[in-house]
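Could you walk me through this structure in my viewer, one selection at a time? I would like to know what to pick next and what I will find there.

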Amino acid sequence: MNKTITIEGVTRIEGHARITIQLDDQGKVCDAQFHVTQFRGFEKFVQGRPLTEMPGIMARICGICPVSHLMASAKACDDLLAVDIPPTANKLRRIMNLAQIVQSHALSFFHLSSPDLLFGMDGDPASRNIFGLIRDHPEFARDGILLRKFGQDIISLLGEKKIHPAWVVPGGVNAPLTAQHRDLILAEIPAALSRAARALEYFHTVRDRYPAEVDAFANFPTLFAGLISPAGLIEHYDGALRFVDENAAPVADLTDPHQYQSMIGEAVEKHSYLKSPYFRPRGYPEGIYRVGPLARIILAERCGTPRADAELGIFRTRLGRSPQSSFHYHWARLIEILYGIEMIQRLLEYPDILNTHVRSRARPNRLEGVGISEAPRGTLIHHYRIDENARMVWANLIIATGNNNLAMNRGVLQVAQRFVDGTHLEEGMLNRVEAVIRCFDPCLSCSTHALGQMPLCIELINSTGELCDVLQRD
Amino acid sequence: MNTPVDITTESITLQIDDKDVSCRKGETVLQVARENGIDIPTLCYMEGLTVWGGCRLCMVEIAGSPKLQAACATVCMEGMNICTKSPRLENYRRMIVELLFAERNHVCSVCVSNGHCELQSMAVKLGIDHVRFAYRFPHLEVDNSHDRMRMDHNRCILCSRCVRVCAEVEGAHTKDIKGRGVLAAIIHDLDQNWGESSTCTSCGKCVNICPTGALTHRGTAVGEMTKKTTFLPYLTLMREAQL
Ligand code: SF4
Ligand code: SF4
C-alpha cells in the first residue's frame with residue numbers, strides 16, 4: 001500500500017511550506033516534494049504603478065530580506081532610466097547589501113541552524129533551539145545576536161529604518177552618509193570581526209561530527225550560479241552572472257542582464273507556487289543549479305579580503321574547490337559574514353564615501369529593465385516593463401530561494417531516503433528533513449521561526465487517504 | 001475672504017465648548033473656533049479658497065438644533081451655543097475617515113506621501129487603528145502623462161482643493177470633478193490625460209495643495225513627497241492688499 005507522509009509547517013507570519021514524502025509498498029521512500037503554498041502575486045499588483053515606487057513596493061515582498069529586493073529593484077529601475085548611478089551611491093548600496101547579508105547569515109547560522117549543530121540532530125527538541133543555546137552556550141548565542149544587530153544597525157543608520165528602508169531609490173540613494181554615521185559603523189567593525197572569528201572557531205569544533213549529514217544533505221553534482229567580479233572575486237551587487245559546473249569550471253557568463261532568459265528557464269510545477277528555474281542550455285530538469293553562499297564561494301577565485309581569504313583557504317584545503325554537499329552552506333555562510341564585515345570597512349574608508357552627489361536624475365529612457373543582485377540566499381532577478389508614461393505593465397521576479405527549488409526538492413528526497421523509515425516516525429528524522437531545507441536557508445518565514453524550529457506536523461497517509469500515523473511538534 | 005456671507009464690523013458673542021467668544025458678524029464657526037485656539041478637524045477646508053463643505057469632518061452640534069452643522073459653512077449668530085467635541089461627533093469623524101480609506105486604495109507604507117499626508121495624520125489624530133468597513137479596492141488609474149506632475153486616483157479623497165486652487169487662484173480651471181458618488185473623479189479639461197491639457201499652466205499649485213499622495217511630483221519615490229502650502233496665505237494676503 002502506498003503511503004504519503006506530509007510535513008506541514010505552520011507559520012508565524014506569511015510564508016508556508018509543506019513537505020510530502022511518498023512511500024512505496026515496502027514502506028521505502030520513493031518520492032519527496034517541497035511545496036511552497038504561499039502565493040504573493042507581486043508581479044500582478046504592481047501593474048499600473050509608477051516605476052519610482054518600485055523599490056519601495058518590492059521591498060515589501062519580504063520582511064526578512066527587504067534590502068535584497070530593494071537592490072535588485074533599484075538596479076532594474078536604474079536600467080529603465082538608463083543611468084549610471086554616482087560612484088558613492090554605488091558604494092553606499094553595496095554597504096547596505098552586505099549589512100543585509102551579514103545579518104541574514106547570522107540569523108540563519110546562529111538562531112536557526114546552530115542548535116542542530118551544537119546539540120545534535122537527535123538532541124532533545126525542547127532545548128535544541130535558541131533558548132537552549134542561550135542557556136548552554138551563552139557567549140556563542142550573544143555573538144549571534146550582536147552580529148545580527150551589527151548588520152541591522154547599519155541598515156537603519158543608512159535607511160533610517162531596520163525594515164523596509166525607503167532610502168534606496170531609482171538612480172541611487174536619497175541621502176548621503178554622514179561622517180558621524182560612518183564613524184559609528186567603523187567603531188563596531190573590530191568587535192564584529194572577532195565575533196565572526198569566534199563563530200568559526202566554534203564551527204570548526206563541530207563540523208566533523210556529521211559525516212552522515214554531509215553525505216546525504218543534498219549531496220549531488222549540480223551547476224552553481226552567482227555574480228562574480230571581473231577580477232574573479234566574490235561579488236554581491238554587480239558583475240557577470242556566472243554558471244560553473246560541479247568542478248567549478250565556468251560553463252557560461254551572462255554579461256548582459258537583458259539576456260538572462262537565454263540562460264535561465266522557469267518551469268512551473270503543479271505542487272508548488274515556487275517556480276523552478278533551470279539552466280536553459282541543459283534543459284529541464286538536467287539544468288539544476290544551486291545559488292547562495294556555497295555557490296558564491298565555489299565560483300569565486302578568492303574573496304579579496306584577507307581574513308575571508310584565509311578562511312577560504314582552510315575551506316578549500318579541507319573540502320576541495322567545489323564540495324557538492326549542501327551541508328557546507330553553513331561554512332560558506334560564515335566565510336561570507338567575515339567577508340561582509342571586512343568589505344564594509346573597506347568601502348567606508350574610501351575618501352569619496354561622504355560625497356553628497358548620490359542620486360542621478362533621469363526620465364525613463366528604456367521600456368524594459370533588468371536588475372540582478374545577490375541576496376543572502378542567492379541570485380535575485382527583477383525584470384520590469386513599463387509603458388511610455390513610466391507605469392509598470394509587467395514584471396517577472398526570480399527569487400533567490402526559487403533558484404534552489406530543484407536542488408531543495410532533490411535534497412529532501414535524498415535525506416528522506418537515508419533517514420526516513422516508513423514503519424515508524426521519529427523526531428530526529430523529521431528534523432533532518434527540515435535541516436536539509438534549512439541548509440539552503442529558504443526565505444520562507446517558516447524557516448526562520450524565532451525558536452529555531454518549525455511547528456510541524458508529520459502525517460502518514462495511505463493511498464486511500466486515511467491517516468495512519470501523526471507526529472506533532474508545536 | 002472666502003466666507004458664505006460678507007464679514008461686517010458688527011460684533012456678536014457666542015459660546016464654543018462652554019467658552020464665551022466674540023467675533024465679527026459674518027465669520028464662520030470654524031474661523032472663530034480656530035481664532036480662539038479650539039481645534040476642529042478639516043480636510044477639504046483651505047484658508048484662501050472658497051468654502052466647499054464636502055468632507056464633513058468639521059461637523060459640530062448647535063444647541064437647539066437636532067442637525068449637525070458643518071463649522072466651515074455655518075455663520076455665527078448671536079447667542080449660539082456650539083459643541084465641537086462629543087462622543088457622537090468623534091464617532092462620526094472616525095467613520096468618515098474610515099470610509100475614505102475604504103473607498104479607494106490607500107497603501108500608506110508604499111505611498112510617496114507616507115509620513116507627510118493629511119489624511120494619514122488625521123487618522124492618527126482621530127485614533128483610527130482599523131477600518132470597520134469592507135475595502136472596495138476599485139481599479140483606478142495613475143495619470144502619469146504630465147511632464148512634471150502625477151495624478152494617482154487611488155489616493156484621491158475628492159476634497160476638491162485642487163479644483164478650487166486651480167480655478168480661483170491660478171485662474172486656469174483645468175481641473176474639475178466628473179460623475180457622482182463613488183464614480184466621481186478628478187478630470188482635466190474635457191476628461192483628457194493631464195499631459196494633453198491645453199489649459200494647465202504647470203504651476204504646481206494643485207500638487208502642493210493636495211492633502212494626500214493623489215497629486216505629486218513625478219519621479220518621487222516612497223515617502224519623498226512633501227507639500228509646500230505657504231504660497232496660498234501669501235497670495236491671499238497680496239490679493240486682499242490690492243483690493
Ligand atoms: S495618500 Fe495618505 S492616506 Fe493615502 S496611502 Fe498615501 S499616505 Fe496613506
Ligand atoms: S487630487 Fe488631491 S486635492 Fe484634488 S480632490 Fe483629490 S485629494 Fe483633493
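**Where the chains meet**

Start with the interface of chain A and chain B, where the rule finds five salt bridges. Bear in mind as you go that this is a predicted model. For one of these bridges, select A:Arg49 and B:Asp152: their closest N and O atoms are 2.5 Å apart.

Now widen the selection to the whole contact, which takes in 17 residues of chain A and 20 residues of chain B. Together the two chains bury about 1500 Å², and carbon and sulfur atoms give 42% of that area. On the chain A side, colour A:Arg49, A:Thr52 and A:Arg363, since these supply 31% of the area that chain A buries against chain B, more than any other three residues. A:Arg49 thus turns up again here, having already appeared in the salt bridge with B:Asp152.

**Inside chain B**

Next, hide chain A and colour chain B by its domain assignment: domain 1 covers 11-85 and domain 2 covers 91-229. Their contact involves 20 residues from domain 1 and 22 residues from domain 2. If you place a marker at each C-alpha centre, the two markers will lie 26 Å apart.

How much area do domain 1 and domain 2 of chain B bury between them? The value is about 1600 Å², with 64% of it on carbon and sulfur atoms. Across this domain interface the rule finds one salt bridge. Another pair to select is B:Asp39 and B:Lys125, whose side chains meet in a salt bridge at 2.9 Å, N to O.

**The two ligands**

Move on to ligand 1 and show the residues around it. Among them are B:Phe101, B:His106, B:Cys108, B:Cys111, B:Cys117 and B:Arg155. By class, this shell has six nonpolar residues, five polar and one charged.

Then centre on ligand 2, which has 13 residues around it. B:Cys156, B:Cys159, B:Ser160, B:Cys162 and B:Cys210 are the closest. Which classes make up the shell around ligand 2? Eleven of its residues are nonpolar and two are polar, with no charged residues.

**Cysteines to finish**

Last, select the cysteine sulfurs. A disulfide is a covalent bond between the sulfur atoms of two cysteines. How many disulfides does the rule count over all chains? The count is zero. Take B:Cys83, for example: the nearest cysteine sulfur belongs to B:Cys58 and is 14 Å away, whereas a disulfide needs the sulfurs within 2.5 Å. B:Cys83 counts as partly exposed because its relative accessibility is 22%.

Finally, zoom to B:Cys203. B:Cys203 is in no disulfide either, and the nearest cysteine sulfur, on B:Cys206, is 6.2 Å away. With 35% relative accessibility, B:Cys203 also counts as partly exposed.

Technical notes:
Residues numbered from 1 in each chain as written. Chains lettered and ligands numbered in written order. Predicted model: local features only at pLDDT ≥ 70, side-chain atom pairs only at ≥ 80, totals over all residues. Heavy atoms only, no water. Near = heavy atom within 4 Å. Nonpolar A, V, L, I, M, F, W, Y, C, P; charged D, E, K, R; others polar. Buried < 20%, exposed > 50% of the residue type's maximum accessible area, 1.4 Å probe, protein only. Domains from an automatic or database assignment. Contact = heavy atoms within 4.5 Å. Buried area = accessible area lost by both parts, 1.4 Å probe. Salt bridge = Lys/Arg side-chain N within 4 Å of Asp/Glu carboxyl O.
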